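Dear colleague,

Please find below the structure that I am handing over to you. A description of what was found in it follows directly after.

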Amino acid sequence: MKYGIISVVLLAICWTGFSSAEELPLVDTHIHYSHDAWEMLPPEKAVGLLRKAGLKYAFVSSSSDDGTQMLYDAAPNLVIPVLRPYRKRGELSSWLYDESVPQMLERRLEKYKYAGIGEFHVFGDDTNLPVMRKVIQLAHDYGIFLHAHSDSKAVENIFKIQPQARVLWAHSGFEQPTEIRRMLSTYENLMADLAFRNEHAVNGEIDPQWQALFMEFPDRITVGTDTYTPERWFYVEDHANWSREWLMTLPDQVRENIAYRNAERLKDWGLSK
Ligand SMILES: [Zn+2]
């Protein structure tokens, strides 16, 4: 219901002539098309929702990766494939102990093109487990980024293992601006996505602490919805519009970077290899 109201408000804004927010190109860097969404939302329908949101690109990773491939086949100019190490829902913590995972990833990397590996979940010193080490190595070999749903400690460990790694920090680690600032200052190859976060902007206005973070690191932040359940797909459009609303309050350059340029750099870095 709440999102319905937001849509009506946005529609009203467009009608009164402030259409620039709607035209802002946007890349959603946190979309999943996992097996339980396939029936309810066949590829054409899912792509339809991404297009309706006016996205320039969507970074898609899925349990299993077949979901990503189906979407990519349906819309190769829109979908940026990211390789998820999960074959089905529920492998979120077991995957780190499954030695067949790196092999599966290797086979997919040989067969298809990806901008990154993830989103995966790893915390603290679990980063040092052999499966995770192999994933870090694979991303390095293929010149692609790691999409890590992790605490600061795990991200620090990734850079300890591979200082050249490039990491997109899912949900900005659910950390507060002070900690995100510390991490971004320490690791120049770290980017942070704002997926599933909404405390940074209320009623189209950015919280001052977050605003300071965006201004200090305009080239390190991306936006994303996180469609971790099939129902979340119906929120992609509202999320895009909501993002455009607060992004419009930022200076042009910062706005464009966070809306799409940072994501494009991340995509080109991997896919150009
Ligand atoms: Zn996610």
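**Findings**

Glu119 has a relative accessibility of 2% and therefore counts as buried. Please note that this is a predicted model. Glu119 belongs to strand S4, and its side chain is joined to that of His30 by a polar contact of 3.1 Å. His30 is buried, as is Glu119.

**The zinc ion**

Both of these residues also take part in binding the metal. The zinc ion has as its protein donors His30 through NE2, His32 through NE2, Glu119 through OE and Asp226 through OD, at 2.0 to 2.6 Å from the ion. In sequence, the spacing of these donor residues reads H-x1-H-x86-E-x106-D. His30 is located in strand S1 (residues 26-32) and Glu119 in strand S4 (residues 116-121), so this pair ties together parts of the chain that are 89 residues apart in sequence.

Why is the arrangement of the four donor atoms called irregular? The angles that they subtend around the zinc ion run from 83 to 168 degrees, which makes the arrangement irregular. A tetrahedral site would need all angles to lie between 85 and 135 degrees.

**The sheet**

Strands S1 and S4, named above, belong to a sheet. Eight strands form this open sheet, in the order S1-S2-S3-S4-S5-S6-S7-S10, and their pairing is parallel. S1 and strand S10 (221-222) are the edge strands, each of them pairing on one side only. As general background, the strands of a sheet pair through backbone hydrogen bonds, in either a parallel or an antiparallel manner.

The beginning of this order can be described in more detail. S1 and S2 are paired in the parallel sense over five bridges, and Leu26 stands opposite Leu55 in S2. Between these two strands the chain passes from S1 through helix H3 (residues 43-52) to S2, in a β-α-β crossover that is right-handed. Strand S2 (residues 55-61) is mostly covered, with six of its seven residues buried.

On to the next pair: S2 is joined by three bridges to strand S3 (residues 79-83), and the two run parallel. Here Ala58 stands opposite Val79 in S3. The chain crosses from S2 to S3 through helix H4 (residues 65-74), and this β-α-β crossover is right-handed.

**Salt bridges**

Side chains of opposite charge can pair when their charged atoms come close. How many salt bridges does the structure hold? There are 15 of them in the structure, and three are described here.

One of them is formed by the side chains of Lys52 and Glu237, at 3.3 Å from N to O. Lys52 is part of helix H3, whereas Glu237 is part of helix H10 (residues 236-247), so the pair ties together parts that are 185 residues apart in sequence. With a relative accessible area of 56%, Lys52 is exposed. Glu237, at 26% relative accessibility, counts as partly exposed.

Another salt bridge brings together the side chains of Asp66 and Arg108, with an N to O distance of 3.1 Å. This pair links distant parts of the chain, with Asp66 in helix H4 and Arg108 in helix H5 (residues 101-111), 42 residues apart. Are the two partners buried or exposed? Asp66 is partly exposed, its relative accessible area being 37%. Arg108 has a relative accessible area of 18% and is buried; the cut-off for a buried residue is under 20%.

A further salt bridge connects Asp252 with Arg255, whose closest N and O atoms are 2.6 Å apart. Both Asp252 and Arg255 lie in helix H11 (residues 252-271), three residues apart, which is about one turn of the helix. Asp252 counts as partly exposed at 49% relative accessibility, while Arg255 counts as buried at 10%. Elsewhere, salt bridges with shared partners join Asp65, Asp66 and Arg108 into one network.

**Where to look**

When opening the model, you may wish to begin at the zinc ion, with its donors His30, His32, Glu119 and Asp226. From His30 in strand S1, the order of the open sheet can then be followed from S1 to S10. The salt bridge between Lys52 and Glu237 may be viewed after that.

Yours sincerely

Conventions: Residues numbered from 1 in each chain as written. Predicted model: local features only at pLDDT ≥ 70, side-chain atom pairs only at ≥ 80, totals over all residues. Heavy atoms only, no water. Donors = N, O, S within 2.8 Å, 3.2 Å for Na, K, Ca; no water. Tetrahedral: all angles 85-135°; square planar, octahedral: opposite > 155°, others 65-115°. Helix = DSSP H or I, 4+ residues; strand = E, 2+ residues; numbered from the N terminus. Buried < 20%, exposed > 50% of the residue type's maximum accessible area, 1.4 Å probe, protein only. Pairing = 2+ DSSP bridges. Right-handed = clockwise from strand over helix to strand, strands pointing away. Salt bridge = Lys/Arg side-chain N within 4 Å of Asp/Glu carboxyl O. Polar contact = N/O pair within 3.5 Å; in protein donor to acceptor, adjacent residues only side chain to side chain.
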